[in-house]
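Work through the exercises below with the sequence and the model open. Each task is followed by a solution in steps.

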Amino acid sequence: MLLTRILRYPVLLLSALLLSAHVVEAQTFDVAPDVTQAPLPAIEQPEGFTGLPPAAMPDLPAIEWRVANPFRFFSNPRDTEVHRATWLALSPAERRTPVLSAERALSSRHEDGWAATMVDDVCWDTKRNRYRCPGKKEAYATPTSHTIIASLKNIPEAGLVDCTWLTAPHGGDRLRGDAITAPCHRPVELSIPYPAGATIEVEIGSRRIATTDASVTDLFIVGMGDSFAAGDGNPDIPVEFSRERSADYGSDGEFSLAGFPARVGNWNEIGDKAFIKGNARWLDQACHRSLYSHQARAALQLAIEEPHRAVTYVGLACSGAETIFGLFLRYKGNEWVENPPELSQISAAAEVMCGKHDAEPHDLPEAYHMRGRLKELEGGLVLRKCDAQFSRKIDLLFLSVGGNDIGFARLLANAILANESLLRKLSGWIGGVYGTAEATIALRALDDRYKSLNRALHNILHIPWDEPDRIILTAYPGLALMGDGSAVCPDGRAGMEIVSDFALSSARAREGIWIADKLHHVMEDSARRYGWSFAQRHRAAFIGRGICAGFTQSAFSIADDLRLPRKVENKWVPYNPADYRSYASRQRWFRTPNDAFLTGNFHVTPSLLQKVLKFDTFSWFQLLLASTYSGAFHPTAEGQAAMADSLLEIARPVLDRYHRRNHRADLSAPL
């Protein structure tokens, strides 16, 4: 069949014969040319003849290829392709901030956010809290092969003739891999061993016309840290609100709490089984980790922008985590779930790195407490560690930690709760309240925590001591900065009407900003001391996009409206909550408490409220949970995207540096 088809098109056969002689491979010549023979006599050419013009020289057939699913965390390659196609469609100006530009493009096409269409097809087992791809036996972090899409260019009338694709794996015992025959114009999928790679050949009528070597660069990227790293405030599937129904939360002792936005669904009571079933969905429910995390977005962008690159991404960040309780010690997360995380982030990373091997627990009672200054790490510290011979090497470690160590939530509570507030008296339920004095004490201990963490990242996770810049610490953006960055959001309840006790104090917010600036300098100094990279350019982009950016009267759009919709006299004011879009582009890049209520809307069952919080009649406390535990005061998806772009500006040079180093090492290796 193939021979008949070729003979039908003699021009193609002739082209194949001629072009096969041009394949640039030494092994194609059976006999070396005799360079000692006398040169042929020159042939006289007409005056002015300079040879064939460049356009007359035929282009040789060439193989082009790319990784079929470069972001391996997505189990469905089509999801990765959505992001790759979105990136390819960006203008040169938009590509200067590719993640932010892509987020805006995607949000305009997906009213509920793009993650809602992808979160169910990922390599994460929600029941076991483990990285695992559905339907695959190999360990997620240790791939043995990658599927690539290969195509052939510069073949005349390629749709009229068949090509045979052959692969020869490098190394190992297999001499041949895939053998696929298809029309020459049609791309084919080939399996390429990892990390050795393979040689790809294309034949027409048993004549080889093109060949290339294909080797996939698979980056192993680990993300660790707190709520900013997790993407809190941006559930993969936000809550959906009814267009007609409203919710009644009783009263807070003084004011009626009726007319609030109500979820869709067939529920009878706030917090009943049907109501809780409609909770916002997160990639990791306990940790409020989502696909909108700047760490995940940066890893995804690194995957799609290089055709021969894949990324194996492991995100472990958890909302509420700090250096001690979270990275070193087990932390169960921000939301009550039946299956909270079993391991600390360091131990969880070690377990993933080990693939099918066991990461054994190591008793480390004296290694990380910094001569007793970190009391929690004295005595019974046990961390899992993968033996170096089995451990996957980390190419980049994204890190966001420090805010909870100095009491970020407590400083916020101090800024938004009045002295006479009942919630200030009950502050233990929202993490406590304290000011600059307590935060300053915590700041002094932070460098010891970073120093201890640095030891663990090198000793437990095997990041080479001479490659510390693979660790990238991300700075926190300013929360309440306006204008040129010197002004602070004014006093008031803008964006905080959800709870009557909430009211921003500009003076206390300025104190918090002063502490945040001190934190930034400690982070920067510590990163410099330990050789870590430090991503901070996004801080400038957040100026003017703080918690109060928007409108309290006559908003141009629902997205920029700081007010909370309420049903008054059977009419929604200022807009119907069913029209709220969590991922619409907006001026502010932080979630207000109002935004958090309309996006995450975290509630618990009444029985849990009574059991855990010991409240019998305070149903209004659900409003507090719905507006704080839902990610208030955290970056929006656009804010996370801006942070991802900043992280990428640091990550790319780090990767290039080690790529050049490895390339020089390969060139200097003995043949």
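The exercises concern a predicted model and go from the whole chain to the packing of one helix.

**Exercise 1.** Describe the protein chain as a whole: its secondary structure, burial, contacts and surface.

Solution.
- Step 1. The protein chain holds 17 helices and 22 strands.
- Step 2. Of its 671 residues, 52% are buried.
- Step 3. Take the contacts between residues at least 6 apart in sequence: 74% of them join residues at least 24 apart.
- Step 4. The chain exposes about 31200 Å², with 53% of that supplied by carbon and sulfur atoms.

**Exercise 2.** Determine how helix 3 is oriented against helix 4, and which residues form their contact.

Solution.
- Step 1. Helix 3 covers residues 77-88 and helix 4 covers residues 98-109; their axes come within 10 Å and cross at roughly 110°.
- Step 2. Angles of 65 to 115 degrees count as roughly perpendicular, so helix 3 is roughly perpendicular to helix 4.
- Step 3. The crossing of these two helices is right-handed.
- Step 4. From helix 3, Val82, His83, Thr86 and Trp87 meet Pro98, Ala102, Ala105, Leu106 and Arg109 of helix 4.
- Step 5. By class, the residues of this contact are six nonpolar, two polar and one charged.

**Exercise 3.** Do the same for helix 3 and helix 7.

Solution.
- Step 1. The axis of helix 7 (residues 294-304) comes within 10 Å of the axis of helix 3, and the two cross at roughly 75°.
- Step 2. Helix 3 is therefore roughly perpendicular to helix 7.
- Step 3. Thr80, His83, Arg84 and Trp87 in helix 3 meet Arg297, Leu300, Gln301 and Ile304 in helix 7.
- Step 4. This contact divides into three nonpolar, three polar and two charged residues.

Notes: Residues numbered from 1 in each chain as written. Predicted model: local features only at pLDDT ≥ 70, side-chain atom pairs only at ≥ 80, totals over all residues. Heavy atoms only, no water. Helix = DSSP H or I, 4+ residues; strand = E, 2+ residues; numbered from the N terminus. Buried < 20%, exposed > 50% of the residue type's maximum accessible area, 1.4 Å probe, protein only. Contact = heavy atoms within 4.5 Å. Areas by Shrake-Rupley, 256 points an atom, 1.4 Å probe, with all protein chains shown as cover. Axes fitted to C-alpha atoms, helices over the stretch in contact; angles between N-to-C directions. Parallel < 35°, antiparallel > 145°, perpendicular 65-115°, else oblique. Left-handed = near helix turned anticlockwise from the far one by under 90°. Nonpolar A, V, L, I, M, F, W, Y, C, P; charged D, E, K, R; others polar.
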